[in-house]
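Welcome! Below is a guided look at one protein model, taken a few residues at a time. Keep the structure open beside you as you read.

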Amino acid sequence: MSESSHTPMESVCAPPLSFSEMRIVIPARNAMSTMPICLAALRNSIGEHPEIVVVDDGGNPGLGILAREHGASVRHTSGGAGAGAARNLGASGFEEGILVFVDADVAVDPEALTRLVDPLRTRNADATVGNYSDSTEGM
């Protein structure tokens, strides 16, 4: 049996993570028509402000100004690298906490991030997944 870096009891007793220990990564290609709504919805979804990193994968004139207006930072691919490469670039250097990926054409519900990350913050789950539906019936 291999040793782990922590015992199950340490995980259970660890304090909850705060939203400030979260990074939201938004890959963006040709996304200027949806990005203002996406960023505003993320900022309105939680009181504490996590780090937001928008990754410009091309075709987004003015993205840097818009992102900074919403308190987000911007990273750049070489253009056309694809969503996966953009997500990886946005996640790079993030060592500890909760990592969330949101597509640039998504306007999250005001409660979506809380519902998504609470099981992680309270250390009751290792991963969670969101969906693209207005209906949360049965969830």
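Let us begin just after helix H5, where Arg123 takes a positive phi of about 65 degrees. Before going further, note that this is a predicted model, in which local features need pLDDT of at least 70 and side-chain atom pairs count only at pLDDT 80 or more, while totals for chains, interfaces and linings use all residues. Residues are numbered from 1 along each chain as its sequence is written, and side-chain values use heavy atoms, with hydrogens and water left out.

**Helix H5 and its buried side**

Helices (H or I, at least four residues) and strands (E, at least two) are DSSP runs, numbered from the N terminus. Helix H5 covers residues 112-121, and Arg121 lies in it. Which residues of H5 are buried? They are Leu113, Leu116, Val117, Leu120 and Arg121. These residues sit on the same side of H5, because they cover an arc of only 125 degrees around the axis. That arc is the one made by the directions from the helix axis to the C-beta atoms. Buried here means under 20% relative accessible area, exposed means over 50%, and partly exposed lies in between (1.4 Å probe, protein chains only).

What do the buried residues of H5 pack against? Their partners are strand E1 (22-28), helix H2 and strand E4 (98-101).

**Arg121, a buried arginine**

Arg121 has a relative accessible area of 17%, so this residue counts as buried. Leaving aside its neighbours within four places in sequence, Arg121 is in contact (heavy atoms within 4.5 Å) with Pro16, Leu17, Ser18, Phe19 and Ile98. Its side chain also meets that of Asp118 in a salt bridge, at 2.7 Å from N to O. Both residues lie in helix H5, three residues apart, which is about one turn of the helix. Asp118, unlike its buried partner, is partly exposed, with a relative accessible area of 26%.

**Salt bridges**

A salt bridge is a side-chain nitrogen of Lys or Arg within 4 Å of a carboxyl oxygen of Asp or Glu. How many salt bridges does this rule give? The count comes to four. The table lists some of them.

| Pair | N to O distance |
|---|---|
| Arg87 and Asp103 | 3.3 Å |
| Asp109 and Arg115 | 3.6 Å |
| Arg121 and Asp118 | 2.7 Å |

Arg87 forms its salt bridge with Asp103, and this pair links distant parts of the chain, 16 residues apart: Arg87 is in helix H4 (residues 83-91), and Asp103 is in the loop between E4 and H5. Arg87 counts as partly exposed at 25% relative accessibility, and Asp103 counts as partly exposed at 24%.

In the pair of Asp109 and Arg115, Asp109 is partly exposed, with a relative accessible area of 39%. Arg115 is partly exposed at 46% relative accessibility.

**Ser45, at the end of H2**

Now turn to helix H2 (residues 35-45), where Ser45 is found. Is Ser45 buried or exposed? Its relative accessibility is 5%, so Ser45 counts as buried. A polar atom of the Ser45 side chain lies 2.7 Å from the backbone oxygen of Leu42. Leaving aside its neighbours within four places in sequence, Ser45 is in contact with Val108, Asp109, Pro110, Leu113 and Thr114. Two names in that list have come up before: Asp109 takes part in a salt bridge with Arg115, and Leu113 is one of the buried residues of H5.

Note on methods
A polar contact is a pair of N or O atoms within 3.5 Å; within protein, one must be able to donate a hydrogen and the other to accept it, and residues adjacent in sequence count only if both atoms are side-chain atoms.
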